[in-house]
Amino acid sequence: LVVGLFPHGHAELLAQSAVQSDAPDVAEAALDSLAACPVDGPEALTGIVNSGAPFGVREPALRFLVPAEGEELEKDRKELFLDIYRATPPPPGVRLSKKQGIVYSHGMREIAFSALAPTLDQRTLTKATKDDSGEIRLVALVELDSRPKSKMKSVAKDIYKRKDNPLKLRV
């Protein structure tokens, strides 16, 4: 696959290849090529994330939209990540129907929250320490701990008291 700038329509073909391929290496190569295209790649990757494609294709596409460390999160991506984080993931073992619309996996929520955490206010992060996802709770705690004047002591007590929290989170 060609990496870089694609003539009009090639990013769409790569996105279709990623979504429709039964071969994981083809899907991975198509996603890699889209990630390398600064012009049409982000839009195509966003289209994959918001599609009905399998989570195994959508999660890697979402990872490519996460800014590199030190880069600022763009407004459009922040809105996308907020939508994903706020979405309710499907219960384990439940088959999804087309009528349900776009459904995001637990993994996608965790990827989105990890990218969002540095941009969120203390109140939102404190609320996230009570999320159903242990990974989201852990990311929220780490982010709160990195900030000056955070109310970590009271948050830490609440987390320690919750017996349903995993041991590594309570410690």
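**Entry 1: cover over α1**

I began with what covers the buried residues of helix α1, and found that the cover includes α2 (24-36), α3 (41-49) and α4 (55-65). The model I am reading is a predicted one.

I then listed the buried residues themselves: in α1, which spans residues 10-20, they are Ala11, Leu14, Ala15 and Ala18. They lie on the same side of α1, because they cover an arc of only 100 degrees around the axis. I noted the general background: an α-helix has 3.6 residues a turn, so residues three or four places apart point the same way. On the other side of α1 I found Glu12 and Gln20, which are exposed.

**Entry 2: α4**

Next I looked up α4, one of the helices that cover α1. Its buried residues are Val57, Arg58, Glu59, Ala61, Leu62 and Leu65. I recorded that their cover includes α1, α2 and α3, and also α5 (75-86) and α6 (106-116).

**Entry 3: the whole chain**

I stepped back to the protein chain and counted 10 helices and zero strands. Read along the sequence, the pattern is α-α-α-α-α-α-α-α-α-α. The chain has 171 residues, and I noted that buried ones make up 40% of them.

I also checked how far apart in sequence the contacting residues lie. Of the contacts between residues at least 6 apart, 55% join residues at least 24 apart. For the surface, I wrote down about 10700 Å² exposed by the protein chain, with carbon and sulfur atoms supplying 54% of it.

**Entry 4: salt bridges**

How many salt bridges are there? I counted two. As a general point, side chains of opposite charge can pair when their charged atoms come close.

One salt bridge joins the side chains of Arg109 and Asp131, at 2.8 Å from N to O. This pair links distant parts of the chain, 22 residues apart: Arg109 is in helix α6, and Asp131 is in the loop between α7 (122-128) and α8 (134-145).

Are these two residues buried or exposed? I took under 20% relative accessible area as the cut-off for buried. Arg109 has a relative accessible area of 6%, so I entered Arg109 as buried. Asp131 has 11%, so Asp131 is buried as well.

The other entry is Glu143, which forms a salt bridge with Arg147. I noted 3.1 Å between their closest N and O atoms. Both Glu143 and Arg147 are buried.

Methods
Residues are numbered from 1 along each chain as its sequence is written. This is a predicted model: local features need pLDDT of at least 70, side-chain atom pairs count only at pLDDT 80 or more; totals for chains, interfaces and linings use all residues. Side-chain values use heavy atoms; hydrogens and water are left out. Buried means under 20% relative accessible area, exposed over 50%, partly exposed in between (1.4 Å probe, protein chains only). Helices (H or I, at least four residues) and strands (E, at least two) are DSSP runs, numbered from the N terminus. The arc is that of the directions from the helix axis to the C-beta atoms. Contact means heavy atoms within 4.5 Å. Accessible areas come from the Shrake-Rupley method with a 1.4 Å probe; for residues, only the protein chains shown count as cover. A salt bridge is a side-chain nitrogen of Lys or Arg within 4 Å of a carboxyl oxygen of Asp or Glu.
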